[in-house]
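Please find below a short note on the model under review. The points are intended to be read alongside the sequence and the structure.

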Amino acid sequence: MGRAPNVEPDHIHEKEHVVQEGMDISGHWNRMFEQRVIWDYTPELIEKVADTPGGESLAFCYQCAQCIPVCPVNTVGDYGPRRIYRRVQTGQDLFTSADLWQCTTCMNCLRVCPKEVDMIQIMPAVREKAVLDGGVPEELQTVFQNTFDYGNPLGESPKKRAAWTRRAAKAHGVDVPLMKDKKKADILWFVECYPSYHPRGVDASVALAKVLDVLGVDYGILGAEEKCSCDSQRLAGEVGLFEEFAEYTIKLFKRYKAKKVMVTDPHALNAFRKEYPKLGGTFFETIHYTTFLRDRMDELGMTKPLGYKVTFHDPCYLGRHNGEYEAPRDMLRAIPGVELIEMGRCRENSYCCGGGGGGMWLDGFMSDHVTERLSENRVREAVETGADVLAVCCPYEVSRFEDAVKSTGNEGKLVVRDIVELVVESMGVGDE
Amino acid sequence: MPDRPILIVGGGPAGMEAARGIADLGYSAVVVEQKSTLGGTPVHSNYAALTPDFRDASEAMGAMAAAIENRDTVDIRLDSTVTACERRGDDFAVTVETGGTASEVVAGAVILATGFRHFDPGRETQQYGYYEHDDVITLCDLEKMLKAGKVVRPSNGEPPKRLCFIQCVGSRDRQIGNEYCSKVCCGVAAKESIEVRKMVPDCKTFIFYIDMRMYGYWENEIYWPSQEKYKVNYVKGIATEIVKKGDHLIVRGEDTTMGRPMEVPMDIVVLSVGMEASDGTRAMAKLFGVEQNKYHFIETIDGCMNTVTTSVDGVFACGAATGPADIEDSVSSASAAAMKAIASLRAKAAAG
């Protein structure tokens, strides 16, 4: 039996058995709600958010509801900025509410909001307070701790951050150079955590190393010196951790000379472009690897036609947050035997994989609030297009979507590949 | 000088009403209109019936034009634009170009009645796919069909079975920069919804809105009848996503009163586009040096107590040149502008 929305369970009264004048009239029609009291309408709680630096714009909401249809969490749950405003207005304290942790900061609401209610500012601001008060979901706290202790959210050994390069050597005979040895390179490749440690992230890193090698790019990685860019931890509320790590990385970059920083992870792109400059890190231009490779595809000798129908998932932090929609598509179109099919929700209106803003580490928490994972909803959409490959270019996505392919029973119908893996396959030099 | 004519720029409802007022009071006017006919936006944007009283737009504008045509004291210059203005004492020496030929008009006062333009829904964002989907249209596109007496889906020529209006497109929006309410679109949508229901009785019709702004008599004259008599469905919540699925457009939104998502198939989606300062309003404001507000409408001085006097002595403005206005507002402010312009002529004459 469904619960009435916005009514706390202890305000609902229902007797298991009701007998009136000898007649059993048990049933849900006997459910009683306590009367709503007038002071449930609390301007103070809106003000509490609005008084938090960054939280001001929540108070702008005029309930037009344009955010709700494009909110990816609402598609699988009961969520979105308009609803958050209304709930806060009617007595919910956002600082201690489960609503605080469901936003993936995908920015689709801000795209359509006529009043510029900015969840990208509101969420980290309110979460930061909640983090300081100790009100963080446990699984997220573990990730914060891992990042603090090991420099990466996976809790892997920081010493082994460059261990993946041994696979590049083994598979392709490629020697991935370290900035520590070179001091100077055209491209400083910031690999990030998932591409360094997660097995499927490593697959993409190995492929990208091969591509850089074939192109003869003068590049280097930071290896064991590299630590998480921490953008998602920041958006999840760990602002202190973010600042500490940002200062570390800014100092580290100052040791080396590079023309550009190339990132695998759109979240790192976002941090370097928008957040690090606020902390004094304005000395490097950052690009995503797809932006770097898009114009050099004809130099790669891609001779093997793949014969795949491919659909592409726009990462929120590459597309909406940083305006790059074409580079990944240019890459895919340049690969022989790739037929690109777009999903209905693409580009500016792309659906979110659920990994951003801390969502990557909140799947357990989220399962209490959504009917299916966002990644599952997205995989169903990809399957509907008739594609056999879901191409991605954000390291959060490979693992999320592969899990979703399994859990939605689409194994054998759809595979998830990083774009650079498809490139290397078409070069006829597949890994192992 | 009181014998100088008053220059009126714009031959829409406001300009025509100002000219009539001036002529009726025994003064003379020169009306400069860039199009080849009088009537303004109601005629040139193919309005079918006026909001809120359903008067035939061409007939109503025709009557207004007839009231000033063939009068000795009203000089109507069609296909004409004002290209320069210089002050000559208290007078305005204005260059009017007609088909490449320039002539000079020396006016004692000026009334700017240069109106508005409709917001282009494809300009700022492609949110609603106006240039992508044939069956996504604007209020004006629908007016044109209503005028032609045939409401059909542009994609296939079939009458629609389901049609919806999306309100506040290009209005009340900080990102677009049009923070104001365009004032008329609620009424126009309600009026058009009634006309659609009359013309295509089995077409289910919806209006998605934030607030219905039906002030005064619009409430009982169009809002209530559309809902009560013509069974138009009003749903509080603006749809944001239009996706083509097969033969239909799927409109995704939220019914906020129910707190429920909605996904509704539609044959036609009508975007209720708002008002912006017209190119003519922007150009004439600059040419006559009158102050504009941040939305490029002409600013009138003294707040709500004076709706027609501009920052330049002897220059007045009326109608939608000063901000979103319906026809009622336009003819009212036009009369006020005529009165104040004449008063200004007389005051200068008295001062000698």
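1. Two strands are said to pair if DSSP finds at least two bridges between them. The model discussed here is predicted. In chain A, strand β7 (residues 257-263) runs parallel to β8(A), and 4 bridges join the two. One residue of β7, A:Met262, has A:Ile287 in β8(A) as its bridge partner.

2. This pairing belongs to an open sheet of 4 strands in chain A, with the order β6-β5-β7-β8 and parallel pairing. The edges are formed by β6 (219-221) and β8 (285-288) of chain A; each has a single partner strand, so one side of each lacks a neighbour in the sheet. From one strand to the next, the twist averages 35°. In general, strands of a sheet pair through backbone hydrogen bonds, and the arrangement may be parallel or antiparallel.

3. A helix accompanies the sheet. Helix α14 (residues 266-275) of chain A packs on it, touching β5 (184-190), β7 and β8 of chain A. The direction of α14 makes about 160° with that of β8(A).

4. Chain B may be described as a whole. It has 8 helices and 18 strands, and 50% of the 352 residues of chain B count as buried. Among contacts in chain B between residues at least 6 apart in sequence, 65% join residues at least 24 apart.

5. How does the radius of gyration of chain B agree with that of a compact globule? A compact globule of 352 residues would have a value near 20 Å; the 22 Å of chain B therefore agrees. Along the principal axes, the C-alpha atoms of chain B fill a box of roughly 70 × 40 × 40 Å.

Terms used:
Residues are numbered from 1 along each chain as its sequence is written. Chains are lettered from A and ligands numbered from 1 in the order in which they are written. This is a predicted model: local features need pLDDT of at least 70, side-chain atom pairs count only at pLDDT 80 or more; totals for chains, interfaces and linings use all residues. Axes are lines fitted to C-alpha atoms, for helices over the stretch in contact, and angles run from 0 to 180 degrees between N-to-C directions. Two residues are in contact if their C-beta atoms, placed from the backbone, lie within 7 Å. The radius of gyration is taken over C-alpha atoms; the globule rule is 2.2 Å times the number of residues to the power 0.38. A residue is buried if 20 or more other C-beta atoms lie within 10 Å of its own, exposed if 12 or fewer, and partly exposed in between; C-beta atoms are placed from the backbone.
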